[in-house]
Amino acid sequence: MVLVGLRRFIERQLNNYNRNRKRSFFEYVILATMGLFLGAIIKYPNRAFLTRARPDLKDKAVKGYPLLGNMPQLLKNSNDSLGHLNGAFKHFGDFFSLTIPLFGRVILVNTPEHFEHVLKTNFNNYIKGSIFRDQLKDILGKGIFVSDQDDWRFHRKTASNIFTTKLYRQLVTGAFQDTGLDLCSVLDRHRLLQRPVDLQEQFLKLTLDAFGKLTFGLEFNALTCEGPNEFGDAFDYLTANVDTRTSNPFWFLTDRIIPGKSRKLQEAIGVLDKFGYMAVEKRRAETEEDKASRPRDLLDHFINHVADDGTTLTDVELRDVFVNFMIAGRDTTAQGLSWQFYLLMTHPRVMKNLVREIDTVLQGSNAYTYETMMHELPYLKAVFHETLRLYPPVPKNVKMAVEDDVLPGGIRVYRGDVIGISSYCLGRNKSVWGEDAEQFVPERWLVDYGSLPSAAPGMKANASPFGKFKAESPYKFTSFNAGPRLCLGQTFATLEALVTSCMLLQKYEFKLVPGQAPATPKPSVTIPMTNPLLTIVTARE
Ligand code: HEM
């Protein structure tokens, strides 16, 4: 249709020209628009409009389309964006560049030196920025994940108050065991009915219950109540749908055009709002007596904050705190546990070693103390870290340059450029992790592994036979981020995952339901699995 119209229009113009006839105003406008369009195509033959030509990146630029740059490729590959990103690094090496309309130039980097530069050395120059904020503001509001500079400092400082060793000591012997026991009841029910269980679903319920209660005083009871999980479902819908905004710069239009999408988004956001405001309202209504009867939690710290000018946080700001922390505390650890159990079930040798370590160290007890979890189970810690290396719950991230800069290796960055970093790709980079980078090998995290006889002199009878855990530089293992914005919940998440793993592996054996396709990451801002993790659970002999 458009092409036929265009052809007729050109024919008419040629006739007019031959007959020396005057053109209408409308025809002049169309001709001028066509001229501008043609000029723009000549100016931006293979990159997005309004982006700067970068001859210095010629060999590192993914060839794009006139005016649209690399947007068509991103949209085409959006079902496996991590796989394609990883493939591009394999092709281009340590860095490459894309252009996207409205987002501008994106430079993607993939070495520890680049991560260190962006996340620490020149931290102040690389902010979340307006593109990222706009994409997420209807969900995350002005919370910690989308804030920069003073706003971010306020959130970080206020939240840091709760992440103390005292809290961790209480959690490992209290709340984490309580939710672990609830999960065991669910597994027992499935076991007795000989029904497979979706472990991914159950881990999401576990972290929701633990985090909701500990930080905002909300009893979700997701594990103990069967039936739909209103909060969890809304959350999953949003994280999956928001991810498309990173590859589609016109998301603000398409979200409205796709039938029903805008309504569904609003409904899901409404569910988060409902729970957020409920937590705030409940807390504001508490008596002094109620307050004294429970430990201070995250919401207390934010609700009691008084700024220098005497103002306190509004309900909307507290709702944003709620949503940001729920996304941090629920999805990440649950996904870490899901991928860990998947990898254990598909690597029986590792599973066997891990069960041996847990049995040796804990001797059948539930002495999940802070010290035991942090220092006496090196193989378990290695398994968890190796899982997060291959399947980081925050697999990709972007930063925006405030000023011109030069990255390691001499890569020029101009103000407004976007820097893309991916823990998923760095974790699979062979020049960083070795030829076996894409294999699941927990032993890479251990020292003295295999060199100690099982009962070496001076060794405790219940010491782990697997040596010691060796932490990596946070710029090489970036799954918890690094620098000033290092994950605030790193120890919290590690302890929750370790206690839960011990409780489950002491009691049960886990086998994948046969015939399932290999697990793959589902497109999302985090890294859920595409399909349920259907598992057969049996009691250990
Ligand atoms: C395996 C579990 C977890 C992983 C892999 C993880 C990873 C990360 C990553 C990569 C970031 C940086 C995100 C960004 O800048 O956009 C981050 C930030 C953060 N995480 Fe975690 N996280 C985990 C669990 C948790 C938990 C359980 C909590 C809360 C208890 C938490 C609290 C936070 C907070 C508050 C931030 C923002 C820090 C800041 O911007 O200063 N995380 N996390």
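How many cavities of 30 Å³ or more does the structure hold? In this predicted model, the count comes to three. The two described here are taken in turn, followed by the ligand site, an open pocket and an annotated stretch of the chain.

The largest cavity holds about 100 Å³ of space. Its wall is made up of Phe123, Asn124, Tyr126, Ile127, Asp148, Gln149, Trp152, Arg153, Lys399 and Arg485. Sorted by class, that lining comes out as four nonpolar, two polar and four charged residues. Two elements, strand S3 (126–127) and H7, each put at least two residues into the wall of this cavity. H7 is the top contributor there, with three residues.

Next comes the second largest cavity, with about 80 Å³ of space. Its lining runs to 13 residues, and Ser81, Leu82, Pro521, Lys522 and Pro523 are the ones nearest the centre. The class split for this second cavity is four nonpolar, five polar and four charged residues.

Turning to the ligand, what sits around it? There are 24 residues around the ligand, with Lys128, Trp152, Arg156, Arg485 and Cys487 coming nearest. Trp152 and Arg485 have already turned up above, as part of the lining of the largest cavity. The shell around the ligand breaks down into 14 nonpolar, seven polar and three charged residues.

Several side chains place an N or O atom close to a ligand oxygen. For Lys128, the distance from a side-chain N or O atom to an oxygen atom of the ligand is 2.5 Å. The Trp152 side chain has such a pair at 2.7 Å, and the Asn397 side chain has one at 3.0 Å. As for the elements behind the shell, helix H7 (149–160), helix H16 (315–329), helix H17 (331–346) and helix H23 (490–507) give two or more residues each. H16 gives the most, with three residues. H7 thus appears twice in this account, in the ligand shell and in the lining of the largest cavity.

Which residue is the protein donor of the iron atom of the ligand? That is Cys487, the only one, with its SG atom at 2.3 Å from the iron. Cys487 is not part of a helix or strand run but is found in the loop between strand S10 (468–469) and H23.

Away from the ligand, the second largest pocket is worth a look. Its volume is about 840 Å³. A total of 34 residues line this pocket, and those closest to its centre are Lys213, Leu214, Thr215, Pro295 and Asp297. Helices H8 (165–173), H9 (175–192), H10 (199–216) and H13 (261–284) each bring at least two residues to the lining. The largest share, six residues, belongs to H10. By class, the wall of this pocket consists of twelve nonpolar, ten polar and twelve charged residues.

Finally, there is the stretch at residues 25–44, which the unreviewed UniProt entry annotates as "transmembrane region". What does the chain look like over residues 25–44? In the model, this stretch is 95% helix and 0% strand. Its end C-alpha atoms lie 28 Å apart.

Terms used:
Residues numbered from 1 in each chain as written. Predicted model: local features only at pLDDT ≥ 70, side-chain atom pairs only at ≥ 80, totals over all residues. Heavy atoms only, no water. 1 Å grid on protein atoms, 1.4 Å probe; cavity = no way out; pocket = protein on both sides within 12 Å on 5 of 7 lines; lining within 4 Å. Points joined across faces, edges and corners; volume = space filled by probe spheres on them. Helix = DSSP H or I, 4+ residues; strand = E, 2+ residues; numbered from the N terminus. Nonpolar A, V, L, I, M, F, W, Y, C, P; charged D, E, K, R; others polar. Near = heavy atom within 4 Å. Polar contact = N/O pair within 3.5 Å; in protein donor to acceptor, adjacent residues only side chain to side chain. Donors = N, O, S within 2.8 Å, 3.2 Å for Na, K, Ca; no water. UniProt positions renumbered as here; feature names shortened; annotations may be inferred.
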